[in-house]
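Student: I should like to learn how features of a protein model are read from its atoms. Could we begin with open spaces and what surrounds them?

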Amino acid sequence: NMEQHDIKEEELSLEDIAMRIKWKAMPCITGHFGGVTDLCWEAERGDYLLTVSADQTCRLWGSVPTQDGSGSVWLELARPQVHGYDLAAVVSVSSSQHPHLYVSGADEKEARVFDAPVSTLRLLDAVYGIESSEKDVSISRVERAYIPSLGLSQKASAVDGAEIDTSETDVVSVKKESHLHLPLERDLGVISLWPEVRKLFGHNTELYCLASTVSARSGPKFESSPYANDVFVASSTKARDVDDAAIRLWDAEKGKCVQVLSGGHRSTVAALGFSPDGRFLASSGKDRRLCLWFRDDGNGTEQPFALGSAIDSAHKRIVWGLHFCPFDPSLLVSGSRDGCVKLWKAYIPQHESETNPTLTVVSLFEPSTRKDTKAESVTSLAFAPKSFTFDDGDAAILAIGLECGFIELWSLPTVDFGQRKCRLLTCLPPGCSHVATVSKLAWQPLRNDDVTPPEESSTLTLASCSLDHGCRVFEVEF
């Protein structure tokens, strides 16, 4: 934008006019400049999207109304983390008890937990009208974070003459403004940083994958489940031996390792997923073994999970993706480099003679996109957060990301598996897809006010990221 003084242009030379023009910086188009390795929606309301990349940054994206009010555009609202290592994984642990909290993992041995500062809360309130609850106000927050000299991650307070955080800045103060001022590119990596509140130590090798119980609850809430309010984070690392293949279970709020899940895998665990009711944790990866861990409250110990089922050679090649159905915790889907997608059914023991849950394949199919004569490798998949009713009955919508960058949407039966087949709904146009491997897919979580019946049409939002440095957001109407 240019603001000119009230001077007759004909009286000035071209050089003088250029000298008198006042240039004003405006928010510009930004994005990752390295492969985007992971993404997640804010788990509580799904108001914004977090992405991490090999460019060593975590970025927060949100939908912002245009100035003329004709629509909205997705912009980078904050840059919560600027790190010294390539970032590999991110997961939201935002809950009603502690909103705006996330965990990230990089090419290092510890995971890091970040909490939103007051400045970000003010911005979110200005964009979305997110009023701070009493619980949120009671949480101690700083105004903003800073990166110390020679530091790997940002801190919650400043020293050596920099800004000092005081108790007055710990209280969220939301002021409505007539015009929304978004951060500029030069400010994103400085004033929009989130403070690192704790580290999760315990692994011996570099972080590879993260999952949380909160992010798994993207659909209807399972209030009747005894584990509905549990907040756990599961992490895996690059495994050089059997010991490194163990999965660690964390209480991110306390920074405590709750349990080490060992004995399930012999190599790198590349995919993790919790069931929406918190009862199950599924894991798989390089060893092609699919493990189902379940809540075992009667084992007489403080270990919450136990190994219930382990299926060797669940796929022919490495398993890249796992996801539980958000509205049916007994349904699990897996995708692999072998180009096959399998739908599994978890059966919970009904008799005292049966102790552990079991997994059974109820359906399988290959993506429609082919590479020569073989199906394209499946690198990511995600269930939509609600069910839909088609002519042949109720079904779940599954998004599939492929190694070539294409994205397909499929309809999967939730009952009558023997009589009904999985069917392709659509392939996203090549111009809308990626040009490199799709590293993650995630549907925007449902909000409490979204009670659209399955048989009625609705619009859902799907986010994807890729090693082509891009992140795309789709509105899908059913």
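Tutor: Ala, Val, Leu, Ile, Met, Phe, Trp, Tyr, Cys and Pro count as nonpolar, Asp, Glu, Lys and Arg as charged, and the others, Gly among them, as polar. The model is predicted: local features need pLDDT of at least 70 and side-chain atom pairs count only at pLDDT 80 or more, while totals for chains, interfaces and linings use all residues. Residues are numbered from 1 along each chain as its sequence is written, and side-chain values use heavy atoms, with hydrogens and water left out.

Student: How many residues of each class are in the lining of the largest pocket?

Tutor: Rolling a probe the size of a water molecule over the atoms shows where empty space is left. On a 1 Å grid over the protein atoms alone, a pocket is an open set of points with protein on both sides within 12 Å along at least five of seven lines, a cavity is a set where a 1.4 Å probe fits but cannot get out, and lining residues have an atom within 4 Å of a point. Grid points are joined across faces, edges and corners, and a volume is the space filled by probe spheres set on the points. The largest pocket here has a volume of about 1000 Å³. Of its 50 lining residues, Asp 38, Cys 209, Ser 380, Ser 439 and Lys 440 are the closest to its centre. The lining comprises 32 nonpolar, 11 polar and seven charged residues.

Student: What is found when cavities of 30 Å³ or more are counted?

Tutor: The count gives one cavity, and the largest cavity holds about 70 Å³ of space. Its lining includes Pro 27, Leu 75 and Leu 188. Strand 6 (72–82) and helix 4 (185–188) are the elements that give two or more residues to this lining; helices (H or I, at least four residues) and strands (E, at least two) are DSSP runs, numbered from the N terminus.

Student: Is strand 3 mostly covered or exposed?

Tutor: Buried means under 20% relative accessible area, exposed over 50%, and partly exposed in between (1.4 Å probe, protein chains only). Strand 3 (residues 36–41) is mostly covered, with five of its six residues buried. Two strands pair if DSSP finds at least two bridges between them; strand 3 pairs with strand 4 (residues 49–53) in the antiparallel sense over five bridges. Asp 38 is opposite Val 52 of strand 4.

Student: Where is Ser 53 found, and what lies 3.0 Å from its side chain?

Tutor: Ser 53 is in strand 4 and counts as buried because its relative accessibility is 0%. A polar atom of the Ser 53 side chain lies 3.0 Å from the backbone nitrogen of Asp 55.

Student: Which residues other than glycine have a positive phi?

Tutor: Most residues other than glycine have a negative phi, and most peptide bonds are trans. Among the exceptions here is Asp 372, with phi near 60°, in the loop between strand 23 (370–371) and strand 24 (374–375). Asp 372 counts as exposed because its relative accessibility is 74%. Another is His 469, with a positive phi of about 80°, in the loop between strand 30 (459–466) and strand 31 (471–477). His 469 counts as partly exposed, at 39% relative accessibility.

How values were computed. Polar contact = N/O pair within 3.5 Å; in protein donor to acceptor, adjacent residues only side chain to side chain.
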